[in-house]
Amino acid sequence: MKILVTGGAGYIGSHTAVELLDSGHEIVVVDNYINSSPKVLDRVRELTGKDFESFECDIRDKKKLTEIFQKTKPDAVIHFAGLKSVGESVMKPLEYYDNNIYGTVVLLEVMRACGVKKIVFSSSATVYGGGNVPPLREDMPVGGTTNPYGTTKLHIEKILSDLYVADNLFSIVILRYFNPIGAHDSGRIGEAPNGLPNNLMPYITQVACGKLECLRVFGDDYPTPDGTCIRDYIHVVDLAKGHLAALNGCADKPGVHIFNLGTGVGYSVFDVINAFEKANGLKINYVVTGRRDGDLPVCYADATKANEVLGWRAERGIENMCLTSWNWQSKNPNGYDD
Ligand code: NAD
Ligand code: WQD
């Protein structure tokens, strides 16, 4: 299949691009590089030994996006493009609604006009809000998001389901990611946050390499065994493979197909610090501070649906997630700027 990948230069998009190319698909990447660099795509070419077309384009630019669809004629779209910082979204809600929601609407309009009716969308466990008891299942109620970023994912899921009601030839796959970490085994691609990292693993790796002094653990008074929050960390390569499984399993089945992509196993913040120290033989300087607003005590997936329907399951454990995160960070201390 020929797959147009929006946001293909980003963290998850680049790992998925490698898996798609390695399994014989053709890809076309569309990215405006607002949170990435075209250098990522050269590394994807280098890793796979395969070339592909890439376009610098904002998905909100309907004219340019239409030209790209007409020129490249994709069979399906994997839609990663979006802004993803929870904290930033609170400060810039309009930018998030414009980029993520309006951007998706433009993309869907172009797809419809060009007769492309298969899409895999990057959603998030955040859509479950705080009202369900983990493990979180796809049939549990969604809603109650606590920040504009999460609300964009919720609205886009609804827009996609409404689109299917209006045109039931669409095959729509909604993948709800839990907490992606880790990097490609080569250490050539990985997560390269701009400025101060928001997420736990990039913060840990930047403390490990001396760029940051000390990790703040946001609260140790939660109702969990060690008092820190529990999350379902999933290796980004496993996550990338989940997209292939979704395409193989659902691309030819009209409908709205929703899957959690997680491991089904929860680790606390202290578990992650300990696993990182053990896997890499390093010490992480940390201090326990107050809770961060909006953090749920416990969040992990029931991952059985993806296994039963798609035959996919996460294969890599926390040790490999820690090893590959550090391999990437230590080889690329300044991300793609090296
Ligand atoms: P990322 O920021 O590394 O990648 C997103 C890519 O989209 C970037 O390359 C960025 O330049 C591009 N982009 C953003 N807006 C664009 C626009 N208007 N037009 C064209 N390109 C645009 O993020 P990621 O971690 O790879 O996440 C990919 C997707 O998965 C996002 O939609 C994100 O919300 C979702 N997601 C991420 C996580 C996570 O923890 N990383 C968890 C759940 C869901
Ligand atoms: C994990 C744990 C923190 C940083 C976010 C988004 C979610 C999804 C994935 C996109 C929490 C603790 C963190 C630090 C810490 N993204 N922590 N010190 O918040 O579970 O999920 O990314 O869809 O929508 O909300 O991930 O990595 O920020 O935090 O103690 O410096 O680590 O409190 O318990 P989170 P995270």
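Start with Y11: one of its backbone N or O atoms sits 2.8 Å from an oxygen atom of ligand 1. Keep in mind as you look around that this is a predicted model. Two asparagine side chains also reach ligand 1. An N or O atom in the side chain of N32 is 3.1 Å from a nitrogen atom of the ligand, and for the side chain of N99 the corresponding distance to a nitrogen atom of ligand 1 is 2.9 Å. Taken on its own, ligand 1 has 820 Å² of accessible area, and the protein covers 95% of that.

Zoom out a little and you'll find 27 residues surrounding ligand 1, with I12, D31, N35, S36 and Y149 the closest. In terms of chemistry, the shell around ligand 1 splits into 13 nonpolar, ten polar and four charged residues. As for where they come from, α1 (11-22), β5 (118-124) and α6 (148-166) each chip in at least two residues. The largest share is that of β5, which supplies three residues.

Y149 is a handy residue to follow from here, since it turns up again among those that come nearest to ligand 2, along with L200, R216, R231 and D295. Before moving over, glance at K92, in the loop between α4 (86-91) and α5 (93-114). K92 and Y149 are 57 residues apart along the chain, yet their C-alpha atoms are separated by 9.6 Å. K92 has a relative accessible area of 38%, so it counts as partly exposed.

Now for ligand 2 itself, which has 19 residues around it. Here the backbone does some of the contacting: a backbone N or O atom of L200 lies 2.8 Å from an oxygen atom of the ligand, and a polar backbone atom of F218 is 2.9 Å from an oxygen atom of ligand 2. A side chain joins in as well, with an N or O atom of D295 placed 2.6 Å from an oxygen atom of ligand 2. The protein covers 87% of the 690 Å² of accessible area that ligand 2 has on its own.

Which elements give two or more residues to the shell around ligand 2? They are α7 (200-208) and β8. Of the elements, β8 gives the most, with four residues. Sorted by type, the shell around ligand 2 comes out as ten nonpolar, five polar and four charged residues.

D295 is worth a second look, because this residue, whose side chain contacts ligand 2, also forms a salt bridge with R292, the closest N and O atoms being 3.1 Å apart. R292 is partly exposed, with a relative accessible area of 36%. Next door in the sequence, R291 has a salt bridge of its own, to D221, with the closest N and O atoms 3.0 Å apart. D221 sits in the loop between β8 (215-218) and β9, while R291 sits in the loop between β13 (286-289) and β14, so the pair ties together parts that are 70 residues apart in sequence. R291 has 47% relative accessibility, which makes it partly exposed.

A search of the whole structure turns up 20 salt bridges. Another one pairs E277 with K283, the closest N and O atoms being 3.3 Å apart. Its two ends sit in contrasting surroundings: E277 is buried, with a relative accessible area of 13%, whereas K283 is exposed at 70%. Elsewhere, D42, R45 and D51 are linked in a network of salt bridges.

The strands around this part of the chain deserve a look too. Three of them form an open sheet, in the order β12-β9-β14, with mixed pairing. β12 (267-268) and β14 (298-299) stand at the edges with a single partner strand each, so one side of each has no neighbour in the sheet. β9 (residues 230-231) runs antiparallel to β12, and two bridges join them. Within that pairing, I230 stands opposite S268 in β12.

Finish at H257, in strand β11 (residues 255-261). Is H257 buried or exposed? With 15% relative accessibility, it counts as buried. A polar atom of the H257 side chain lies 2.7 Å from the backbone oxygen of K253.

Methods. Residues numbered from 1 in each chain as written. Chains lettered and ligands numbered in written order. Predicted model: local features only at pLDDT ≥ 70, side-chain atom pairs only at ≥ 80, totals over all residues. Heavy atoms only, no water. Pairing = 2+ DSSP bridges. Salt bridge = Lys/Arg side-chain N within 4 Å of Asp/Glu carboxyl O. Buried < 20%, exposed > 50% of the residue type's maximum accessible area, 1.4 Å probe, protein only. Near = heavy atom within 4 Å. Polar contact = N/O pair within 3.5 Å; in protein donor to acceptor, adjacent residues only side chain to side chain. Areas by Shrake-Rupley, 256 points an atom, 1.4 Å probe, with all protein chains shown as cover. Nonpolar A, V, L, I, M, F, W, Y, C, P; charged D, E, K, R; others polar.
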